[in-house]
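Me: Got a structure open and want to go through its charged contacts and its surface. Can you take my questions as they come?

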Amino acid sequence: MSEEKLLLLDKTLEAWKGKRVALAVSGDHSFTGVLKDFDEEVIVLENVADVVGNRGKALIVKIDDVNWIMLLE
């Protein structure tokens with residue numbers, strides 16, 4: 001990924017910290033949760049739910065496995 005794209009991703013995710021987001025992992029699984037933190041390798045969500053209603057306290061996802069992220073609030 002180019003440095004410019006990383007900067008845009010970093011800037012956007014920083015603005016979304018603490019807000020509810022939805023994301024798709026490897027095109028197969030979608031989750032919603034509150035964006036807690038991120039770095040160049042992973043995204044951490046809290047109060048997570050998947051599309052079938054399973055709930056969890058936290059989820060760590062490799063950024064390379066994320067297809068899209070949507071701001072929900």
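Me: Is E14 buried or exposed?
Reply: E14 is partly exposed, at 45% relative accessible area. Partly exposed lies between buried (under 20%) and exposed (over 50%), with a 1.4 Å probe and protein chains only. Accessible areas come from the Shrake-Rupley method, where only the protein chains shown count as cover for residues.

Me: What sort of model is behind this?
Reply: This is a predicted model, where local features need pLDDT of at least 70, side-chain atom pairs count only at pLDDT 80 or more, and totals for chains, interfaces and linings use all residues. Residues are numbered from 1 along each chain as its sequence is written, and side-chain values use heavy atoms, leaving out hydrogens and water.

Me: Which residue does E14 form a salt bridge with?
Reply: K17, with 3.7 Å between the closest N and O atoms. A salt bridge here is a side-chain nitrogen of Lys or Arg within 4 Å of a carboxyl oxygen of Asp or Glu. K17 is partly exposed, at 31% relative accessibility.

Me: What else meets K17 in a salt bridge?
Reply: D37, at 3.3 Å, N to O. That pair links distant parts of the chain, 20 residues apart. D37 sits in strand β2 (residues 29–38), and K17 in the loop between α1 (3–16) and β1 (20–25). Helices (H or I, at least four residues) and strands (E, at least two) are DSSP runs, numbered from the N terminus. D37 counts as partly exposed because its relative accessibility is 35%.

Me: Which residues are linked in that network?
Reply: E14, K17 and D37 are linked by salt bridges.

Me: How many salt bridges does the structure hold?
Reply: 3. One of them joins K36 and E46, whose closest N and O atoms are 3.6 Å apart. K36 is in strand β2 and E46 in strand β3 (residues 42–50), 10 residues apart, so this pair too links distant parts of the chain. K36 is partly exposed at 47%, and E46 is partly exposed at 29%.

Me: Switching topic. Which residues make the nonpolar surface patch?
Reply: W68, M70 and L72, covering about 280 Å². Patch residues have over 30% relative accessible area and no salt bridge; like charges are joined within 9 Å, nonpolar side chains (Val, Leu, Ile, Met, Phe, Trp, Tyr) within 5 Å.

Me: Where is W68 found?
Reply: In strand β5 (residues 66–71). W68 counts as partly exposed, at 37% relative accessibility.

Key: Areas by Shrake-Rupley, 256 points an atom, 1.4 Å probe, with all protein chains shown as cover.
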